[in-house]
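This report concerns a protein modelled together with DNA. Please consider the following sequence and structure before reading on.

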Amino acid sequence: MYCQVIIDIVHENVASPFTYRIPEEMELIPGQRVAVPFGRREKEGIILGLSETCDLDESRVKDILRPLEDYAAVPAELMELAGQMALEAHCPLAETLRLMLPAQMRGGRIHVKTEKTAVLNVQAEKALAMAEAEKRSPKRAAILRMLADGKVHMVSELASAVKEPREALRKLAADEIILLSEEESLRVPGSSFGSLQNPGFTLTAGQREALDEILPCLTGKGGRFLLHGVTGSGKTEVFMAAVQETLTLGKSAIILVPEIALTPQMVSWFRGRFGPVAAVIHSRLSPGERFDEWRRIRRGEARVVIGARSAVFSPARDLGLIVVDEEHESTYMSDHHPRYDAREVALNRCARENATLILASATPSILSFARARRGDYMLLEMPRRVKDRPLPEVEIVDMREELENGNRTVLSASLRRTLKECVTRGEQAMLLMNRRGYNSFVSCRSCGYVVKCPNCDISMTYHVASNDGMLRCHYCGQAMRPPETCPECGGKYIRYFGAGTQKVEEEVAKLLPGIPTARMDYDTTGGKDGHGKILEEFRSGRARVLIGTQMIAKGLDFPQVTLVGVIAADMTLNLPDYRSRERTFQLLTQVAGRAGRGEKPGKVIIQTYKPEDPVIGYAASQDYRSFFEDEFRRRRRGLYPPFTLLVRFLTESRSEEAAVRTADQLEREIRDMMENHPAWQKKVLLVSNDTPGVKVLRGKNRRHVLMKLLVGPETDEMIAAMTELAREPAGDTEVWFEVNPTTMI
DNA sequence: AGCACGCCGACT
DNA sequence: GTCGGCGTGCTC
């Protein structure tokens, strides 16, 4: 027998399978990991397939050394998934296969943990009699009495009654009175999140209706749902019930959450409700715990998996359901190689394994909602909050008026007043400073005008004076000098935005002397568990005002918070990214949902230089539908995803000249390629060659070639050709190729 | 990815 | 004359 093995090396040169002979008496199956001789070294590999014959010269074929486990580490469905992903991403199979295994499992770094056990080897009566006789050895007597029940006991358990039992055990074993052996032990992660009993409450009508659609699918061939419910409508309860039903049917469920550290409630609910059948995968697990959780899942002992995006690759037995909570979150998009979208993988797996998919969000992504409307997903709407609690009152403050009234600070008069009242009442407030990215945009403080690219309908980015002080469009490379006066109203207050959380904290300290505040942003969450510490400070009430970037807006539940202030809603709106409107809407809607989660009603103040922007209004009234229709039209009109594909080649080199030269070379080759393929040429809307937002990163000079493509039947071929193009060696310049890059810096 | 082989400059 | 630079090429 022979087998095809994928060697665990990610390199084009060794990407295709290698043939090995399977020695007599060795039984192997596809998906199993093996050790093989490779060159003059030993390597790990995964069996792709088996065959009776081999078309290679016998003498060149080597023998499999040994299996690494006695089961297939990658089950058949995940083998197929890895294959398809490698094909789509144009990357070696070894790379996608790595996603299917806990990283620590590779390279033999992790071992199955065993625990020593002891069991009686003689009749219980005889043991008890011996215990009586063992006058001189109380330890042996005690051990014999404990083992007299005939059951297998852990040595650690015996050790808690008898100190240092090792010598006594050794003697008993030598006399063949007891048997010592080792048993595999699983490190079940401690209940670091506690275990909250979820109060069993009766379902609302909305929840009932949603479940009536979902539950029948679980028994059959599966279904696809987009669960759209306003903040506080009880989406969690719906998919918890679906998970319960999945377990009742003897199947497994995977629940994906955007960031496990931010959803401790969910984890404790699941632990409380499902006990040890729930496996929780999060970044704080030790390598050993992670591996053991993986094995519990692989064996079918854990049938509920909760984790971040990589949990979508869990080897769940008989998969019945995948839930993607907060479906719109960008964390579902992997940020390093091989790039994948956990939502797409979930969809793929569900189709493959006849499982049901539930995407849940209060603010679904444009893509998912568009699909739901097209009929790809069944749309389940829950427009009401539980107990018919009202949505918080939202006030929009026009910051241009503040300026006219002589207020040049970051806090409006209204926010100052409300904040003071809130704190005086002993309640808590959250202030969101949604600043992102390195660069700032340029805006007129008198009329709200923002400098936009003439070709792209995207705000231009100011490149600091130490760079070249120009305004640039990150999409097409258009550059211009910043205007001295506002082209719209002629005003002189053209400003470069860039104020941060620190500034806000200073203002709050001036307004409320002596009131403790907490600040949460990239600068303050550096240390180990910096996140948790700051949040705890706020949760405990020691800090009364929490000031932070968008990390404070996600899924947090502080019942004492009655005021949420958004310092400058336009900040994310004017980022040079076609997704900025979507992100702003999501952020504002989600943050508005943070206020008034307890008994007391909440208030939200949104400060903006552009109160007339519909996105602000849609978020204030939590009107998802109108936002969607508006944004979908805008994308179609502006030819943005999902109607088009953005593609980028990034060159990086120590030498600026080399980075530029390589980018120029790529551009020429791309243009040649398009000349040779008239059908492809028609799909190309834009080719630009320019300096990216960050010109030098980690000491490397950078340059990028951007393309916008219309999606069509030839898309995949074009991507494949461009992938090849990017692979060509370019001296000391590195070339990165990306489709729909997550970031454009 | 590693690790061989292989062909040109400064050293015991 | 050799030791060693890292350019090309192969690994079932």
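Leu639 sits in the loop that links α20 to β28, where helices (H or I, at least four residues) and strands (E, at least two) are DSSP runs numbered from the N terminus. Although not a glycine, Leu639 has a positive phi of about 55°. The residue is partly exposed, with a relative accessible area of 31%; buried means under 20% relative accessible area, exposed over 50%, and partly exposed in between, with a 1.4 Å probe and protein chains only.

The model is predicted: local features need pLDDT of at least 70, side-chain atom pairs count only at pLDDT 80 or more, and totals for chains, interfaces and linings use all residues. Residues are numbered from 1 along each chain as its sequence is written, chains are lettered from A and ligands numbered from 1 in the order in which they are written, and side-chain values use heavy atoms, with hydrogens and water left out.

**Backbone features in loops**

The loop between α20 (624-638) and β28 (644-653) also holds Pro642. A cis peptide bond joins Pro641 and Pro642, with omega about 10°. Another cis bond runs from His337 to Pro338, with omega near -10°; Pro338 is placed in the loop between β14 and α11 (342-352). Asp388, which is not a glycine, has a positive phi of about 50°. Asp388 belongs to the loop between β16 and β17 and is exposed, its relative accessible area being 57%.

**The seven-stranded sheet**

Seven strands form an open sheet in the order β12-β13-β11-β14-β15-β10-β16, with parallel pairing; two strands pair if DSSP finds at least two bridges between them. The edges are β12 (278-281) and β16 (378-382), each of which pairs on one side only. Neighbouring strands of the sheet are turned by 15° against each other on average, direction ignored. For such angles, axes are lines fitted to C-alpha atoms, for helices over the stretch in contact, and the angles run from 0 to 180 degrees between N-to-C directions.

Within the sheet, four bridges join β11 (residues 252-256) to β13 (residues 304-307), and these two strands run parallel. Ile254 has Val305 as its bridge partner in β13. Helix α7 (residues 205-219) packs on the sheet and touches β10 (224-229), β14 (319-325), β15 (356-361) and β16, contact meaning heavy atoms within 4.5 Å. The direction of α7 makes about 155° with that of β16. Helix α8 (residues 235-248) lies across β10, β11, β13, β14, β15 and β16, and runs at about 165° to β14.

**Val394**

Strand β17 (residues 393-398) includes Val394. Which residues does Val394 contact, leaving aside its neighbours within four places in sequence? They are Val604, Ile606 and Ala620. Val394 is partly exposed, with a relative accessible area of 23%. Between Val394 and Ala131 there are 77 Å in space, C-alpha to C-alpha, and the two are 263 residues apart in sequence.

**The DNA strands**

A residue is near a molecule or strand if one of its heavy atoms lies within 4 Å of it. DNA strand B is surrounded by Ile9, Val10, His11, Asn13, Val14, Arg40 and Arg41. By class, this surface has three nonpolar, two polar and two charged residues. Here Ala, Val, Leu, Ile, Met, Phe, Trp, Tyr, Cys and Pro count as nonpolar, Asp, Glu, Lys and Arg as charged, and the others, Gly among them, as polar. Of the atoms of DNA strand B within 4 Å of the protein, 70% belong to sugar or phosphate and the rest to bases.

Around DNA strand C lie Asn13, Val14, Phe18, Thr19, Tyr20, Pro37, Phe38, Gly39, Leu56, Arg60, Val61 and Lys62. Sugar and phosphate account for 48% of the atoms of DNA strand C that come within 4 Å of the protein. The surface near DNA strand C has seven nonpolar, three polar and two charged residues.

The table lists polar contacts, each a pair of N or O atoms within 3.5 Å; within protein, one atom must be able to donate a hydrogen and the other to accept it, and residues adjacent in sequence count only if both atoms are side-chain atoms.

| Protein atom | DNA atom | Distance |
|---|---|---|
| His11, polar side-chain atom | strand B, phosphate oxygen | 2.5 Å |
| Asn13, polar side-chain atom | strand B, base nitrogen | 3.3 Å |
| Thr19, polar backbone atom | strand C, base oxygen | 2.4 Å |
| Pro37, backbone N or O atom | strand C, phosphate oxygen | 3.3 Å |
| Lys62, polar side-chain atom | strand C, phosphate oxygen | 2.3 Å |

The elements that give two or more residues to the surface near DNA strand C are β2 (18-21) and β3 (32-38). The largest share, three residues, comes from β2.
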